[in-house]
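Please open the model in your viewer and keep the sequence beside it, since this tour moves from the whole chain to a few chosen helices and loops.

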Amino acid sequence: MAPIAAAYSGPPKLTLARAFTEWRVDVPMLVLILLIGAWYLVSVRKVRRGGGQWASGRAFAFIVLGLGFWAIATMAWPGAYESVLFYARATQTVLLVLVSPLFLAMGKPLTLLIEAYPAASGRVGAVIRSRAAKVVTFPAITTVALIAVPMSMYFTSWYTAFFHSGTVRELTYLILMLPGLAFFWTLLRIDPVPKEYPFGVGMWIAAAEVVGDAFFGIAVIADQTILGAAHYHAVGYPYGQSLATGQVLGGGIIWILGDFVGLPFLAVQLIQLMRADKQEADEIDAELDTRDAARAATAGSVTPDAEEADRPWWETDSQLTDRFRQA
């Protein structure tokens, strides 16, 4: 073990303490995260200075949680150990595909853009309502992409190309986030969307996403070959479990952590569906009450001739009423 460890040149053995302290600087991601965070804060300030309101919870979700998990995925221990530990890469994948996009969407960035820069609202609205946006954000497409994009990375040469090219690595981070951003944007419906689908559709789509995460994770666990075996053997990480065990752990993380995000989102969709049904029932009740009140008010001022006209035809037909009298 000592000679192997001496030849190894990667990060030190991953421990619980190092999971909090082991960081690396990814310059492109750091610059992008800081720029997006600065834009968000400046836009919030602009809205508030103009007399508008912007909830602090939205800013917290976007800045601290959304951008924070993005930074953790690419620069904390998942990023520091992404090239030597399979389960670090798996954790990074879930954070980029599901966790960070969820909180970024909760920050309502499109609404903020429209409110902070009204001059651009027309162009933004035109893009959102465009046919291309409606096609790309169709629920079935976003759900399939949410699972297919990371799976295609793991089960093709894309997985190892990530390790050998900085450009591929940085683009992979962004590509993994896109399906999640589209998925949560269209289903949360807290920002303007190309088309509002019923919450029942969102519930079924969220359920499909949960099943898809499980399928993805189980596929990784059940694969009898070691994904990226040549790379990991060349790296020679000398600590901890075997490559096969690391792959099983990684598949379990994709499955369990993915469902940890998906199941609460499914519950949110169910709650929104119930609220929408209740709101619709209240609107129908209010409309019926209005009609009843109008009828009652009209009934108090009806003339005898109008009252006669409102009676059913069988009560005003003389031939029919005379026949019953004779009987």
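What share of the contacts in the protein with a separation of 6 or more comes from residues 24 or more positions apart? The share is 78%, where a contact means heavy atoms within 4.5 Å.

**Before you select anything**

This is a predicted model, in which local features need a pLDDT of at least 70 and side-chain atom pairs count only at pLDDT 80 or more, while totals for chains, interfaces and linings use all residues. Residues are numbered from 1 along each chain as its sequence is written, and side-chain values use heavy atoms, with hydrogens and water left out.

**The whole chain**

Colour the model by pLDDT, the predictor's confidence in each residue on a scale from 0 to 100; the protein averages 86, and 87% of its residues score at least 70. Switch to a cartoon view, and you can look for 18 helices and 0 strands, which are DSSP runs numbered from the N terminus (helices are H or I with at least four residues, strands are E with at least two). Among these elements, helix α3 (residues 27-49) has the highest mean pLDDT, 96, and helix α1 (residues 2-7) has the lowest, 54.

With the surface displayed, about 18,000 Å² is exposed, and carbon and sulfur atoms supply 67% of that area, as calculated by the Shrake-Rupley method with a 1.4 Å probe. Of the 327 residues, 39% count as buried; buried means under 20% relative accessible area, exposed means over 50%, and partly exposed lies in between (1.4 Å probe, protein chains only).

**First stop: α10 beside α12**

Select residues 139-154 for helix α10 and residues 166-188 for helix α12, whose axes come within 8 Å and cross at roughly 160°. Axes here are lines fitted to C-alpha atoms, for helices over the stretch in contact, and angles run from 0 to 180 degrees between N-to-C directions. The two helices are therefore roughly antiparallel to each other, given that angles over 145 degrees count as roughly antiparallel, under 35 as roughly parallel, 65 to 115 as roughly perpendicular and the rest as oblique. If you show side chains, you can find Leu146, Val149 and Met153 among the α10 residues that meet α12, whose own contact residues include Ile175, Leu176 and Phe183.

Next, select Ser157, in the loop between α10 and α11 (158-164). Ser157 is exposed, with a relative accessible area of 59%, and its C-alpha is 8.5 Å from that of Gly228, although the two are 71 residues apart in sequence.

**Second stop: α6 beside α12**

Keep α12 selected and add helix α6 (residues 86-106); their axes come within 8 Å and cross at roughly 40°, and the pair is therefore oblique. The contact includes Leu96, Pro101 and Leu104 of α6 and Tyr173, Phe184 and Trp185 of α12.

**Third stop: two loops**

Most residues other than glycine have a negative phi. Select Lys108, in the loop between α6 and α7 (109-116), where phi is positive, about 55°. Then select Arg189, in the loop between α12 and α13 (199-222), which has a positive phi near 60° and counts as partly exposed at 23% relative accessibility.

Finally, select Lys195, which lies in the loop between α12 and α13. Is Lys195 buried or partly exposed? At 47% relative accessibility, Lys195 counts as partly exposed, and its C-alpha is 6.6 Å from that of Lys134, which is 61 residues away in sequence.
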